[in-house]
Amino acid sequence: MTSTTLSTSPPLFARTSGEPTQPHIPDDPSSFMQSQDAPDIDQIELLSVSWNQDYGCFAAGTSQGFRIYNCQPFKETFRRDLKTGGFKIVEMLFRCNILALVGGDPNSQYPPNKVIIWDDHQSRCIGEFAFRSEVRGVKLRRDRIVVILEHKIYVYSFMDLKLLHQIETLANPRGLCCLSHHSNTSVLACPGLHRGQVRIGHFGLNRMKLINAHDSHIACLTLTFDGLLLVTASTKGTLIRIFNTMEGTRLQEVRRGVDRADIYSLALSPNAQWLAVSSDKGTVHIFHLRVRVFGEDSSSLQYSVQGPALFHQNSSTSLDALITPSTGANPGSSLSFMRGVLPKYFSSEWSFARFHLTEDTHQFIAAFGSQNSVIIVGTNGSFYRCSFDPANGGELLQQEYVKFLETDSRHA
């Protein structure tokens with residue numbers, strides 16, 4: 001048994017096993033990745049971009065390795081350019097040295113049916129999970145490793161890599177799954193067994209809730225940091241819905257548009273006051289959420305893991321989430337007084353602010369930065385930082401633009 005201790009996560013142990021869904025340690029972990037000199041930028045294909053858990057960093061999986069970037073200020077933190085292939089999934093664990101990697105080429109040393117747990121501080125693989133089918137996604141929190149396959153999700157303990165849960169899902173080619181990251185809550189959201197259904201697992205409470213969120217298939221979902229609010233979008237891509245995960249009640253519904261759209265990302269601000277939505281329409285929409293809570297004490301959750309409360313008045317830390325009267329932040333139709341007579345979109349809440357991308361042929365993900373800023377990252381290697389007016393909304397103001405694959409900012 002080989003072990004390593006992390007400064008910001010629990011000890012991780014790797015062990016060998018013949019089961020296809022159990023981890024093992026490579027024979028020669030120190031030589032698992034063979035670095036190469038900086039490759040020609042024209043030869044690099046960007047396979048994926050993804051945020052870390054607090055949106056302060058993002059990872060870029062490339063055809064020849066991976067790169068990690070800091071958002072504020074923008075800077076490349078480190079990169080690994082490899083001779084033996086690249087990665088379609090690069091999942092960070094906050095800002096610590098542990099990454100989960102999934103290869104992007106069946107013919108490379110890193111096949112798409114294997115999850116590699118990589119310790120970049122030691123430059124070695126400390127564990128692997130091999131499966132019979134392609135891995136669609138990986139999610140990490142400080143005590144869990146979650147691997148998403150097309151029809152099943154496996155939940156492992158980060159402490160000893162033991163399998164804790166197996167969850168059956170409807171076909172899930174997007175690898176949809178999200179986790180809470182508050183120390184007091186352990187929540188997992190994923191597609192259920194029926195179209196438009198979301199399964200919520202409150203592991204600390206040994207409680208499961210099914211939410212019939214949409215009539216169409218789920219296209220995107222996200223949780224608040226504490227896991228007590230869920231945001232969903234369907235493959236139709238017109239309506240975004242916010243739910244209480246304990247009761248399954250719908251708290252608010254906002255409209256992205258009337259035409260069908262492919263939703264790429266949903267992101268909540270830390271205080272759950274704002275929601276960012278990106279889609280294939282080349283627009284990032286910002287919505288004002290009317291979710292409020294009573295009190296600041298999260299001890300009423302009575303989860304098995306105790307820890308300090310992280311949120312304040314505008315968070316979802318209490319179970320008493322409710323909707324306050326509209327302050328007019330999200331504009332509605334001038335014909336909304338005829339609700340129930342005209343088609344539904346006339347009474348919808350529309351976006352409060354928006355940003356139009358000129359590069360609308362690529363996939364973009366969005367998240368919130370500090371001081372009313374929005375960070376947008378695209379699979380074409382574009383990084384945007386924009387700001388919005390929290391009082392008046394309207395068009396976002398672009399403050400920064402970088403082509404991050406072409407910029408070596410490691411020593412900036």
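About 17500 Å² of the protein is exposed, and carbon and sulfur atoms supply 47% of that area. The model is predicted. Of its 412 residues, 57% count as buried. The protein has 34 strands and zero helices. Contacts between residues at least 6 apart in sequence were also examined; 48% of them join residues at least 24 apart.

One open sheet contains five strands. Their order is E24-E25-E26-E29-E33, and the pairing is mixed. Strand E24 (263-268) and strand E33 (394-395) form the edges, each pairing on one side only. E24 pairs with strand E25 (residues 274-279) in the antiparallel sense, over five bridges. Within this part of the sheet, Leu268 stands opposite Leu275 in E25.

The largest nonpolar core holds 22 residues. Val115, Phe131, Val135 and Ile145 touch the most other members. Six strands each supply at least two residues of this core: E9 (98-103), E10 (114-119), E11 (124-130), E12 (137-141), E13 (144-148) and E14 (152-157). The largest share, three residues, comes from E9.

Val115 illustrates the contacts made here. Leaving aside residues up to four places away in sequence, Val115 touches Ala100, Leu101 and Val102, along with Gly127, Glu128 and Phe129. The list is completed by Phe131, Val135, Val138 and Val147. Two of these contacts, Phe131 and Val135, are named with Val115 as touching the most other core members.

Another core, of 18 residues, lies apart from the largest one. Among its members are Phe74, Ala367, Ile375 and Phe383.

How values were computed:
Residues are numbered from 1 along each chain as its sequence is written. This is a predicted model: local features need pLDDT of at least 70, side-chain atom pairs count only at pLDDT 80 or more; totals for chains, interfaces and linings use all residues. Side-chain values use heavy atoms; hydrogens and water are left out. Helices (H or I, at least four residues) and strands (E, at least two) are DSSP runs, numbered from the N terminus. Buried means under 20% relative accessible area, exposed over 50%, partly exposed in between (1.4 Å probe, protein chains only). Contact means heavy atoms within 4.5 Å. Accessible areas come from the Shrake-Rupley method with a 1.4 Å probe; for residues, only the protein chains shown count as cover. Two strands pair if DSSP finds at least two bridges between them. A nonpolar core is a set of buried Ala, Val, Leu, Ile, Met, Phe, Trp, Tyr and Cys residues joined through side-chain atoms within 4.5 Å.
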